[in-house]
Amino acid sequence: MTAQPPEPLPRPVPTGGLRASHDDREAVVERLRDAAAEGRIDFAELDSRVEQALTAKTQAELATLTADLPSPASAASLPPLLLKGGLNGASRGPGRWDVPTHVIAHGGVGGVKVDFTRVECRHQEVTVEAYGETSGVTVVIPDSWAADTGGMDPGVGGLKNETTSDRLPGTPLIRLTGSGGMGGVVIRHPNRRERRKLEKNPTRG
């Protein structure tokens, strides 16, 4: 019995011709949503590109959908932001600041306020780990953002979620965790005084 010749090895496939995975498609969809939130593409084009991304079969097809967009920002590599209330309290915002994917706030005896109303956040989710302790933590988010407080322990001071669920496509979700402690934790949209300041100086840093 004669030996059969070995089957030829498959030729290397160019990178662009590789089959796309579910993770590849989802990464492109998230990047497209970020681009829409930044105003680089409108929502009609977002819908069209997302549909193409979800049905793309190769990495080359996915690459064409983001070829005219800048490279992803390096904000994801920022270390967690730690805020401690101390005796005099602490705050971040309402000016523009670099938002990491993780913010840790300890209310201490002076309290902490985290204000996202003027930031340009490139993340789909931001975890805010809040500990009310003695004087509490207040988190303020834009009207277009939404919050998930399911991972929060209200503690003695309680949790007040005064946000709405009217989240716009491409905007971040604030995932609130931690404990209310004695001072409690509040997450809300801007109040009347804050809205007046935003209307008076809409582009102020």
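Trp 97 is buried in this predicted model, since its relative accessible area of 10% falls under the 20% limit that defines burial. Phe 116 is likewise buried, with a relative accessible area of 0%. The rings of these two residues form a tilted aromatic pair, with 5.3 Å from centre to centre and 40° between the planes. An angle of 40° counts as tilted because stacked planes are under 30 degrees apart and edge-to-face planes over 60.

The pair links distant parts of the chain, for Trp 97 and Phe 116 are 19 residues apart. Trp 97 belongs to the loop between strand S2 (90–92) and S3, whereas Phe 116 belongs to the loop between strand S4 (112–115) and strand S5 (125–131).

Phe 116 also pairs with Trp 145; their ring centres are 5.6 Å apart and their planes stand at 45°, so this pair is tilted as well. Trp 145 is found in the loop between strand S6 (137–140) and S7, so its pairing with Phe 116 ties together parts of the chain that are 29 residues apart in sequence. Trp 145, like Phe 116, is buried. The count of aromatic pairs comes to 2, and the ring pairs join Trp 97, Phe 116 and Trp 145 into a cluster.

**Aromatic pairs**

| Pair | Centre-to-centre distance | Angle between planes | Class |
|---|---|---|---|
| Trp 97 and Phe 116 | 5.3 Å | 40° | tilted |
| Phe 116 and Trp 145 | 5.6 Å | 45° | tilted |

Trp 145 appears again at the largest pocket. Together with Ala 37, Val 119, Glu 120 and Ser 144, Trp 145 lies nearest the centre of that pocket. The lining comprises 24 residues, and the pocket holds about 460 Å³ of space. By character, the lining divides into 12 nonpolar, 8 charged and 4 polar residues.

The wider setting is a protein of 205 residues, 37% of which count as buried. The protein contains 4 helices and 10 strands. Along the sequence the elements follow the pattern α-α-α-β-β-β-β-β-β-β-β-β-β-α.

Five of the strands make up an open sheet with parallel pairing, in the order S1-S3-S5-S9-S7. Strand S1 (81–84) and strand S7 (146–153) form the edges; each has a single partner strand, so one side of each is left without a neighbour in the sheet. From one strand to the next, the twist averages 15°. In a regular strand, side chains point alternately to the two faces of the sheet.

At the S1 edge, the pairing with strand S3 (residues 102–106) is parallel and runs over 4 bridges. Within this pairing, Leu 83 stands opposite Ala 105 in S3.

Further parallel pairing involves S4, S6 and S10. S4 and S6 run parallel and are joined by 4 bridges, with Val 112 opposite Val 137 in S6. S6 is also joined to strand S10 (residues 185–188) by 4 bridges, again in parallel. Here the bridge partner of Val 140 is Arg 188 in S10.

The aromatic cluster can be placed against these strands. Phe 116 lies in the loop between S4 and S5, and S5 takes part in the open sheet. Trp 145 lies in the loop between S6 and S7, and S7 is an edge strand of that sheet.

Technical notes: Residues numbered from 1 in each chain as written. Predicted model: local features only at pLDDT ≥ 70, side-chain atom pairs only at ≥ 80, totals over all residues. Heavy atoms only, no water. 1 Å grid on protein atoms, 1.4 Å probe; cavity = no way out; pocket = protein on both sides within 12 Å on 5 of 7 lines; lining within 4 Å. Points joined across faces, edges and corners; volume = space filled by probe spheres on them. Nonpolar A, V, L, I, M, F, W, Y, C, P; charged D, E, K, R; others polar. Pairing = 2+ DSSP bridges. Helix = DSSP H or I, 4+ residues; strand = E, 2+ residues; numbered from the N terminus. Axes fitted to C-alpha atoms, helices over the stretch in contact; angles between N-to-C directions. Phe/Tyr/Trp six-rings, centres within 6.5 Å; stacked < 30°, edge-to-face > 60°. Buried < 20%, exposed > 50% of the residue type's maximum accessible area, 1.4 Å probe, protein only.
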